[in-house]
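The following exercises concern one protein chain. Please study the sequence and the structure shown below before working through each solution.

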Amino acid sequence: KMIEATLICDGCAKPFTLELDPGDDFSEHIPDLAALVDDCLNGIIGPSYQGELQLCTECSKKVDSALDDDAQPTRDEVAAILNKAADV
């Protein structure tokens with residue numbers, strides 16, 4: 001059974017959908033998949049993608065293109081990248 005959750009992007013404030021298959025191994029990206037699945041089922045969503053921010057694909061691409069492949073940006077770095085991309 002797939003779990004589908006609608007999240008709000010912390011970068012652009014647009015909604016996006018996250019689909020998870022509880023049988024998949026997300027341990028590299030989401031260390032505690034069981035907790036995330038439980039949160040999805042209970043309507044409490046809190047995964048972190050870039051600098052502790054939930055980002056849609058578009059915002060995530062903007063951050064990725066501004067960083068080295070293995071960079072782990074901070075929250076402030078992600079915000080600065082997105083602000084620059086938005087010309088803020």
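Which residue follows helix 3, and what is the sign of its phi? Helix 3 is followed by Asp87, and the phi of Asp87 is positive, near 65 degrees. Helices (H or I, at least four residues) and strands (E, at least two) are DSSP runs, numbered from the N terminus.

The model is predicted: local features need pLDDT of at least 70, side-chain atom pairs count only at pLDDT 80 or more, and totals for chains, interfaces and linings use all residues. Residues are numbered from 1 along each chain as its sequence is written, and side-chain values use heavy atoms, with hydrogens and water left out.

**Exercise 1. Describe the overall layout of the protein.**

Step 1. The protein has 3 helices and 2 strands. Along the sequence, these elements follow the pattern β-β-α-α-α.

Step 2. Buried means under 20% relative accessible area, exposed over 50%, and partly exposed in between (1.4 Å probe, protein chains only). Of the 88 residues of the protein, 30% count as buried.

Step 3. Contact means heavy atoms within 4.5 Å. Among contacts between residues at least 6 apart in sequence, 34% join residues at least 24 apart.

**Exercise 2. Examine the loop between the two strands and the sign of phi at Ala13.**

Step 1. Ala13 is found in the loop between strand 1 (3-8) and strand 2. With a relative accessible area of 55%, Ala13 is exposed.

Step 2. The phi of Ala13 is near 70 degrees, a positive value in a residue other than glycine.

Step 3. Most residues other than glycine have a negative phi.

**Exercise 3. Determine which sides of helix 2 and helix 3 are buried.**

Step 1. In helix 3 (residues 75-85), the buried residues are Val78, Ile81 and Leu82. Viewed down the axis of helix 3, these residues fall within an arc of 95 degrees, so they line one face of the helix. The arc is that of the directions from the helix axis to the C-beta atoms. Asp76 and Lys84 are exposed on the other side of helix 3.

Step 2. A general rule helps here. An α-helix has 3.6 residues a turn, so residues three or four places apart point the same way.

Step 3. Helix 2 has Cys59, Ser60 and Val63 as buried residues. Down the axis of helix 2, the arc that holds them is 100 degrees, so they line one face of the helix. On the other side of helix 2, Thr57, Glu58, Lys61 and Ser65 are exposed.

Step 4. The buried residues of helix 3 pack against helix 2 (57-66). In turn, what covers the buried residues of helix 2 includes helix 3.

**Exercise 4. Follow individual buried residues to their contacts.**

In this exercise, neighbours up to four places away in sequence are not counted among the contacts.

Step 1. Ile81 lies in helix 3 and is buried, with a relative accessible area of 16%. Ile81 touches Lys62, Val63, Ala66 and Leu67. Ile81 and Cys59 are 22 residues apart in sequence and 9.4 Å apart in space, C-alpha to C-alpha.

Step 2. Val63 touches Gln50, Leu55, Pro73, Val78, Ile81 and Leu82.

Step 3. Ser60, in helix 2, counts as buried at 17% relative accessibility. Ser60 is in contact with Gln50 and Leu55.

Step 4. Phe16 lies in strand 2 and counts as buried at 16% relative accessibility. Among the contacts of Phe16 are Ala5, Cys9, Leu55 and Cys56. Phe16 and Thr57 are 41 residues apart in sequence and 8.4 Å apart in space, C-alpha to C-alpha.

**Exercise 5. Identify the members of the largest nonpolar core.**

Step 1. A nonpolar core is a set of buried Ala, Val, Leu, Ile, Met, Phe, Trp, Tyr and Cys residues joined through side-chain atoms within 4.5 Å.

Step 2. The largest such core has 13 residues, and those with the most contacts inside it are Cys9, Leu55, Cys59, Val63, Val78 and Leu82. Strand 2 (15-20), helix 2 and helix 3 are the elements that give two or more residues to this core.
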